[in-house]
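This report is written for a reader who is meeting a protein model for the first time. Please keep the sequence and the three-dimensional view at hand while reading.

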Amino acid sequence: MLILQQHPSEPSKKVTVTLPEGEVLGINVTELQDNIQIQENKLIGTSKYVESFPKFSRNAKGNFLAIKCDEATKGDTVSWELSEAKTKGKGTFDEDGILVVQLHSNTQKITLKNGETNKVLDLTGLTLSPSE
């Protein structure tokens with residue numbers, strides 16, 4: 001008897017996460033975060049405390065994270081969802097591919113979806129700086 005094994009097909013879409021440079025929403029990325037590194041699906045580094053971030057939302061202050069999804073800049077519709085979000089918990093990347101989220105804990109996760117492809121970013125390696 002011949003048994004055929006089916007191998008699952010590779011997802012046709014990718015989710016590539018990088019770090020933006022320069023300004024996002026009127027603030028330099030270096031004012032938001034320091035030494036952020038992406039190791040597979042885990043982020044490590046420091047989310048700095050920001051006293052005022054009005055272009056994020058009125059009276060916004062706290063810890064933020066900025067990431068970039070390369071596929072969104074190439075026309076793919078990539079959605080995102082932040083677990084345990086207090087504000088702006090989900091949405092779709094704009095054509096600039098940049099996402100800025102407000103964090104209250106490093107136990108939160110960011111789920112990115114491009115077609116059938118999902119990527120879950122683990123934030124437990126982030127240090128959230130307290131307000132000064």
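The text that follows goes from the whole chain to its strands, and then to the nonpolar cores and one buried residue.

## The whole protein

The model is a predicted one. Its secondary structure comes to two helices and twelve strands, and along the sequence these elements follow the pattern β-β-β-α-β-β-β-β-α-β-β-β-β-β. The C-alpha trace spans about 70 × 30 × 25 Å along its principal axes. Of the 132 residues, 33% count as buried, while the protein exposes about 8,400 Å², of which carbon and sulfur atoms supply 46%. Among the contacts with a separation of 6 or more, 55% are made by residues 24 or more positions apart. The protein has 15 positive and 18 negative charges, and the mean positions of these two groups are 4 Å apart.

## Strands S8 and S11 and their partners

In a regular strand the side chains alternate between the two faces of the sheet. Strand S8, which covers residues 78–82, shows such an alternation: Val78, Trp80 and Leu82 point to one face and are buried, whereas Ser79 and Glu81 point to the other face and are not buried. Strand S11, residues 109–114, alternates as well, with Ile110, Leu112 and Asn114 buried on one face and with Lys109, Thr111 and Lys113 on the other face, where they are not buried.

The table lists pairings that involve these strands.

| Strand pair | Sense | Bridges |
|---|---|---|
| S8 and S11 | antiparallel | five bridges |
| S8 and S9 | antiparallel | three bridges |
| S11 and S12 | antiparallel | six bridges |

Single bridge partners can be picked out in each pairing. Leu82 has Ile110 in S11 as its bridge partner, Trp80 has Gly91 in S9, and Lys109 has Asp122 in S12. S11 and S12 also form a hairpin with two residues between them, and in its turn Gly115 has a positive phi of about 65 degrees.

## The nonpolar cores

In soluble globular proteins, nonpolar side chains tend to be buried together. The largest nonpolar core of this model has 20 residues, and Leu65, Ile110 and Leu112 touch the most other members. At least two residues of this core come from each of the strands S7, S8, S10, S11 and S12. A second, separate core has eleven residues, including Val24, Ile27, Ala60 and Ala66.

Which residues does Ile110 contact, leaving aside its neighbours within four places in sequence? Its contacts are with Leu65, Glu81, Leu82, Leu99, Val101, Lys119, Val120, Leu121 and Leu123. Leu82 thus appears here as a contact of Ile110 and, as described above, as its bridge partner.

## A buried asparagine

Asn114 has its place in strand S11, on the face that it shares with Ile110 and Leu112. Is Asn114 buried or exposed? Asn114 counts as buried because its relative accessible area is 1%, and the cut-off for a buried residue is under 20%. Leaving aside neighbours within four places in sequence, Asn114 is in contact with Lys13, Lys14, Val15, Glu71, Asp76, Thr77 and Val78. One of these contacts, Val78, is itself a buried residue of strand S8.

Definitions and conventions
Residues are numbered from 1 along each chain as its sequence is written. This is a predicted model: local features need pLDDT of at least 70, side-chain atom pairs count only at pLDDT 80 or more; totals for chains, interfaces and linings use all residues. Side-chain values use heavy atoms; hydrogens and water are left out. Buried means under 20% relative accessible area, exposed over 50%, partly exposed in between (1.4 Å probe, protein chains only). Helices (H or I, at least four residues) and strands (E, at least two) are DSSP runs, numbered from the N terminus. Two strands pair if DSSP finds at least two bridges between them. A nonpolar core is a set of buried Ala, Val, Leu, Ile, Met, Phe, Trp, Tyr and Cys residues joined through side-chain atoms within 4.5 Å. Contact means heavy atoms within 4.5 Å. Accessible areas come from the Shrake-Rupley method with a 1.4 Å probe; for residues, only the protein chains shown count as cover. Lys and Arg count as positive and Asp and Glu as negative; His and the chain ends are not counted. The place of a charge is taken as NZ of Lys, CZ of Arg, CG of Asp or CD of Glu.
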